[in-house]
Amino acid sequence: MKIDFNSKNLLSFIVLIFSTAFLNIASASIVTPEAHNDFLRVKFFIDKKLVNVTKSNSEVSFSTLDGDIYTKVKDGLKNFSSSKYIKRISYTEPTSGNNVFTISLMLKKNVEVFSFYKNRDRAYFVDFWKDGAVTTKQAAIKDISTLVKKNEASAQQSTPKFVKKSKAVKPAPKIVRKNVVKKAPTKKANPYRDFRYGASFIWDYQALAPELKTQILTNRKTAEYFFPIKNFDYNKNEKEAHMQLTLNLYRKGKWGLMYKSIKLYEKKFSQSYNPYNDYMKANALLRETLEKGDIKPVDTAVSMYTNILERTDIYDLRKGIYKYLVQFYREKKDFVKALKYAKRFFSDAKENFDYEELEYMGEYILSSLANLNQVEKVENLIKDKTLVKIISKQKLKAYEMYTYLRQNDEEKVISAYEIFAKTTKGEYLPSIYYNAAEAYFRTSQYEKAFKIYDTFISKYSYMSESAQARLRMALIADLEDRPKSEVLELYKNAINRAQNQEVSLEARIRYVGVRTIRKIKPDTKDLETRVFLDKGTDKKLNKDLEMLLWQTRLRTFIVDGQYEEALTFLTALPIAAMKISEKKVFEADGAEIVYGIIKTNFEEGKFARAIRAWEIYKDTYFAKIGADPEIQFIIAKSYINLTLWDGFQKMYEKMIASKKETAHTFPLWVSRKEVKKLDLYKNELQILRNLKLKNYTSVDRIIASTKKDYPGFEKITFYKALAHYKRGEFAKAEKEYEKFYASDANANSIDAKDLVDSIQFYLESIYESKKFDKYLKVSTALLKDASSFQIADTVVEGLRERVNYQRIEILFKKANKLASDEARAFLNDYEKSLYKNRVKFLLGKESLRQNDFTTGEKLLNEILSDSEAKDYLKELARTELTLVNLKKRTL
């Protein structure tokens, strides 16, 4: 069972679309719609084997070889004029060399669907709605509501807030930068992400077969275990005497002499067939291979056994051979041949009134039929009068449930169990408990499954399947979003008591997923549990477990913000060979990884790298799951910053044409800002474009229009301030920036790069307005708060460097006693700064003024010897050194 969108869901999706079109068409008898307040449920009565579905982006194609089905659908769609779900429908009928009927539908945006197939009704049950239009308490989605509880209060980032003051500017208090997505104000932030963000792949466990006693291991015993040869009456006649001689040689293991004796017997008594000779030869062949360590019985010996069955009239001999052959083929998992000999032995034993063997062979027959998925034959056989008499009611029910579960018919398993439980009290066979619990689990009836798994463990903890049961209980607690302390304890119990390496590893992977991926702020002890992801080298993992391990390892990179490493890991995975449902999960995570790379580079001012990541991976990931408006906005801004107008225009047109205003709801590994109107993105980009081109008249017009159309959009104040700054209107820019910082929107509505730029431009405006005292006060507060910025260190360091330099200029100009200390600190912290020579000059000049000639001359000479120093600084340095020489002579 996969939680993610799989082929069954995809098939249901197309059924839903057709059903929607048929709502007002009376002729569509195979469709039964049920209208609800905010969603539509449709029952589509059709054999799931008769249709094939493919889907790409927003197009769904329905293909069938059945002309009748195609005709019914097409006739029903003739009067179809409009739909809230479908844009366009096209039809393709068979052509030369192609006998496939195809109907293609172009879907409208924001389609959500949940579906399942009920074998009992032979119909798909489909619930269909538009994103955000249906509550989780309604429709079939309620069956998995505990699984998809959204934890949209993701990790929050901290940034400074500046409060506008009417007069004196004081250091502003810190605030929290809230890059969150649709956070419900009444809900507390959950410290854990929901189940989908962890180790989320789930698969079916194999059905537990009713216990069938193994009497021998054919790699250790021969048929002689069931039928040992007795001594012959050698006094009776010459034949008997010769057979006794052969038997003696056989018992002593003298195979060569035994074979010669048999040949002599066959020559002397050629008219008389004796099955014991072939029996001894077959046993001798098997025993010889076993003694040499070859545990695989040879085909020759088995063939000799089957030949004896056809020729002998000795029942006990046939019985021994039958029992051996049935076990032999079961061990080889050749259930066809095992069934063949079990049925023949059952008939033989019945004819010879050997009722002791009937029960055992009856179970073998049931087991073989079950393993061959012969449901109808099992159903008929458990009603057979003879079997009902000799096999207990529980065992018959156990085989019935086992067969249904192997066929993935969970509803029949549940029905059979519930009927049996009503009429039967006491303790049941282990397979009855286990298979009923697994059926309940697969159908999302978690409470019932949890209770039965618990009963199974309490009664049969010694069985190896108890490990799977413990893990299922932990997984149920996880899916039901029970307290994490309980969930983690159940996972630990499954890990510690697992009797199976694969179960242990699955439990460890899911445990790590909860503690280090779904936990929003894992501590050191949590991260140490990642050692559990080491699968070891003992054996190759099954496909499901390996997929889960890949997913978890990938997501550890994502939550750690190691997007480059995550992308490297993802590209190494065999995604092309995966099923669609699995591929979609990795591709969705891949889109978030690439977005993380884009956003990180953008915030660090590495616009070319952001664009490069987009261009390389847009078709690999974003074309399949769709790009958020925010991602497109960032790429368009990157093009603007690099003045690549062709690229900007293409991105801008793509974003507008998509008309997508909302972000996808899952996965959201990288934080988003509040969702807003597409027109606002459009206006912002046009403002930035015109600012870059210095079209200030157009900027004013767009700002005025935006304020009029969207009076609550306080970010427009930020752009107004930016426009003033670019014009050189520093007093106005200072005023607008302070209004923006004091507004409710504050820094929440701008990205990290814009935040840093706005702070720098704000301070520059104060500096250029020559409000030096205010600059010193505000910059002091900023330098203290900068440590709390959730922004790339390289970007923050650039801001620190510029602010510290301007402070030094002001302090030296005001002859402040802090000037020299801050200058020395600057030279120590920013050894490669562009301003280092200017700071050296100011500090050197001040040192000379205070008669510290050693320090002053050293700093000024360093400027003269620096090839990168500006010429004007070198001239000023020479002047100061000349003056100091004159001063020394005077002294």
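# Exercises on a predicted model

The side chains of Glu-489 and Lys-492 form a salt bridge, at 3.6 Å from N to O. The structure is a predicted model. The exercises start from this pair.

## Exercise 1: A pair in a helix

Find where Glu-489 and Lys-492 sit, and work out why they are about one helical turn apart.

Solution.
- Step 1. Locate the helix. Both residues belong to H17, residues 484-496.
- Step 2. Use the spacing. The two are three residues apart in this helix, so about one helical turn separates them.
- Step 3. Check the charges. Side chains of opposite charge can pair when their charged atoms come close.
- Step 4. Classify Glu-489. Its relative accessibility is 47%, so Glu-489 counts as partly exposed.
- Step 5. Classify Lys-492. Its relative accessible area is 33%, so Lys-492 is partly exposed too.

## Exercise 2: Salt bridges elsewhere

Determine how many salt bridges the whole structure holds, and describe the one between Arg-442 and Asp-204.

Solution.
- Step 1. Count. A search of the whole structure gives 44 salt bridges.
- Step 2. Take the pair. The closest N and O atoms of Arg-442 and Asp-204 are 3.7 Å apart.
- Step 3. Place the partners. Arg-442 is in helix H14 (residues 430-442), while Asp-204 is in the loop between E10 and H3. They are 238 residues apart, and the pair links distant parts of the chain.
- Step 4. Compare with the 20% limit for buried residues. Arg-442 has a relative accessible area of 10%, so it is buried. Asp-204 has 30%, so it is partly exposed.
- Step 5. Widen the view. Arg-442 and Asp-204 belong to a network of salt bridges that also includes Glu-410, Glu-438 and Arg-472.
- Step 6. Look at another pair. Arg-196 and Asp-194 meet in a salt bridge at 2.8 Å, N to O. Both residues are buried.

## Exercise 3: The cores

State how many residues the largest nonpolar core has, and look at Phe-456 inside it.

Solution.
- Step 1. Size. This core has 175 residues.
- Step 2. Best-connected members. Phe-456 is one of those with the most contacts inside the core, along with Phe-441, Tyr-453, Phe-586, Ile-593 and Tyr-737.
- Step 3. Partners. Leaving aside neighbours within four places in sequence, Phe-456 contacts residues including Leu-208, Tyr-433, Met-463 and Ala-469.
- Step 4. A separate core. Another core, of 58 residues, lies apart from the largest one; among its members are Leu-286 and Leu-358.

## Exercise 4: Two residues

Decide whether Thr-222 and His-242 are buried or exposed, and find what each touches.

Solution.
- Step 1. Thr-222 lies in the loop between strand E10 (174-177) and helix H3 (238-251). Its relative accessibility is 6%, so it counts as buried.
- Step 2. Sequence neighbours within four places aside, Thr-222 contacts Ile-216, Asn-283, Leu-286, Arg-287, Tyr-305 and Tyr-324.
- Step 3. His-242 lies in helix H3. With a relative accessible area of 8%, it is buried.
- Step 4. The His-242 side chain reaches the backbone oxygen of Ser-261 at 2.8 Å. Not counting residues up to four places away, His-242 also touches Leu-264, Tyr-265 and Lys-268.

## Exercise 5: Helix H18

Determine how far H18 reaches and how many of its residues are buried.

Solution.
- Step 1. H18 covers residues 501-518, 18 in number.
- Step 2. From first C-alpha to last, H18 spans 24 Å, close to the expected 26 Å.
- Step 3. Of its 18 residues, 16 are buried, so to call H18 mostly covered is fair.
- Step 4. At the start of H18, a side-chain oxygen of Asn-500 comes within 2.7 Å of the backbone nitrogen of Glu-502.

Terms used
Residues numbered from 1 in each chain as written. Predicted model: local features only at pLDDT ≥ 70, side-chain atom pairs only at ≥ 80, totals over all residues. Heavy atoms only, no water. Core = buried A, V, L, I, M, F, W, Y, C linked by side-chain atoms within 4.5 Å. Buried < 20%, exposed > 50% of the residue type's maximum accessible area, 1.4 Å probe, protein only. Contact = heavy atoms within 4.5 Å. Helix = DSSP H or I, 4+ residues; strand = E, 2+ residues; numbered from the N terminus. Expected span 1.5 Å × (residues − 1). Polar contact = N/O pair within 3.5 Å; in protein donor to acceptor, adjacent residues only side chain to side chain. Salt bridge = Lys/Arg side-chain N within 4 Å of Asp/Glu carboxyl O.
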